[in-house]
Amino acid sequence: MLEDIDHDVFVRIQTDLLVVGDSIMTDRHHASNGNYEDDDPQNQIGGIIPAFSLSGWLRHGMEKVVQERGGTACHPGEANANFRKDGVYNRDLDAGYHPKGDCLEDGNGCVILDLFGGFGNRPGKVMRRPIQFSPVRSSVDYTRGQAEGHYRRLNRNVVSRNPEDNREPLRNAELDAVGNFDGAWHLSFREIKPEFVALLAETIDYLDAHKTDFMHQLGGARNFGGGIVDCELVNPFYNETELRRVFDRGKGKTQKMEEKDDEWADEYLPEFKSALSARVEAES
Ligand SMILES: [Zn+2]
């Protein structure tokens, strides 16, 4: 069964507003020819959502899924002295984490370590790519993990709270944001295991169901509504034409796509989920 699954899978990500710290990389200087205006609707600025933010969001969701299944996940931070001192580390160990890398002592590492790597330079088995976005839908190639997205620069005035200052602006904070984002996040398994596929599928469902939870929002600026993400694993059996069709608002699923959905949900996913249950149980 596993041999039927492609090593490349796609997650559909849709959000009204995404603010990824200050790390959205854009081509605005290049695209605007030096005449860039922040609020010009004509600007054709594209950019990149870095893999780092996406990866953290996915990992945190996966940790939760493993924990809800009764397992523990590798702690994302190193167990160094400073980290241990403040009590957070021990609190985390009581709340569903084991010290990073401990799972290697009597095994091959937990499923989280297996997927994300990172202990003693072990490579993770899932490669997370950045998402390239463009405001011009016709130039977006979803089969290459791209998205439609509209770059915005948000201005936030930080005003003085001192009454004598008459709410005088103290500074003007500018944030890079992407609005009306809809695209495909491309993940590649370097090695594929049934429990990896199940964990990914379950996590994307979990993140979609918990999209408004503060801790499962993507990127920064969550206090003003950024990073609430609708997400869905695109059926790994879809071919490229079908993958493109997912993003075509004018078209629904073909009958063939419906058949593939049934096959995926009824025949494949339950089998993969049993593998995940067995692995989490064996590791806890
Ligand atoms: Zn571990």
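**Entry 1: strands S1 and S10.** I began with Val 11 and looked up its bridge partner in S10, which is Leu 233. I note that the model is a predicted one. I then looked at the whole pairing: strand S1 (residues 8–18) and S10 run antiparallel and are joined by five bridges.

I followed the side chains along S10 and found that they alternate. Val 229, Cys 231 and Leu 233 point to one face and are buried. Asp 230 and Glu 232 point to the other face and are not buried. Leu 233, the partner of Val 11, is thus on the buried face.

**Entry 2: the zinc ion.** Which residues supply the protein donors of the zinc ion? I listed Cys 74 (SG), His 98 (NE2), Cys 103 (SG) and Cys 110 (SG), at 2.1 to 2.3 Å from the ion. The angles among the four donor atoms are 106 to 114°, and the site is tetrahedral. For reference, the ideal angle for four tetrahedral donors is 109.5 degrees. I wrote down the spacing of the donor residues in sequence as C-x23-H-x4-C-x6-C.

Are the donors Cys 74 and Cys 103 buried or exposed? Cys 74 has a relative accessible area of 1%, so it is buried. Cys 103 is at 13% and also counts as buried, because the cut-off is under 20%. His 98 is buried too.

With several cysteines on the page, I also checked for disulfides. A disulfide is a covalent bond between the sulfur atoms of two cysteines. The structure holds zero of them.

**Entry 3: helix H2.** I looked up helix H2, which covers residues 51–68 and has 18 residues. From its first C-alpha to its last, H2 reaches 26 Å, close to the 26 Å expected at 1.5 Å a residue. How many of the residues of H2 are buried? I found 14 of the 18, and H2 is mostly covered. Just after H2, Gly 70 takes a positive phi of about 90°.

**Entry 4: Met 215.** I found Met 215 in the loop between helix H6 (194–209) and strand S10 (229–233). Its relative accessible area is 43%, so Met 215 is partly exposed. I also compared the position of Met 215 with that of Trp 57: the two are 158 residues apart in sequence, and their C-alpha atoms are 8.8 Å apart in space.

**Entry 5: Asn 180.** My last lookup was Asn 180, in strand S9 (residues 169–189). The phi of Asn 180 is near 45°, a positive value in a residue other than glycine.

How values were computed
Residues numbered from 1 in each chain as written. Predicted model: local features only at pLDDT ≥ 70, side-chain atom pairs only at ≥ 80, totals over all residues. Heavy atoms only, no water. Donors = N, O, S within 2.8 Å, 3.2 Å for Na, K, Ca; no water. Tetrahedral: all angles 85-135°; square planar, octahedral: opposite > 155°, others 65-115°. Buried < 20%, exposed > 50% of the residue type's maximum accessible area, 1.4 Å probe, protein only. Helix = DSSP H or I, 4+ residues; strand = E, 2+ residues; numbered from the N terminus. Expected span 1.5 Å × (residues − 1). Pairing = 2+ DSSP bridges. Disulfide = S-S within 2.5 Å.
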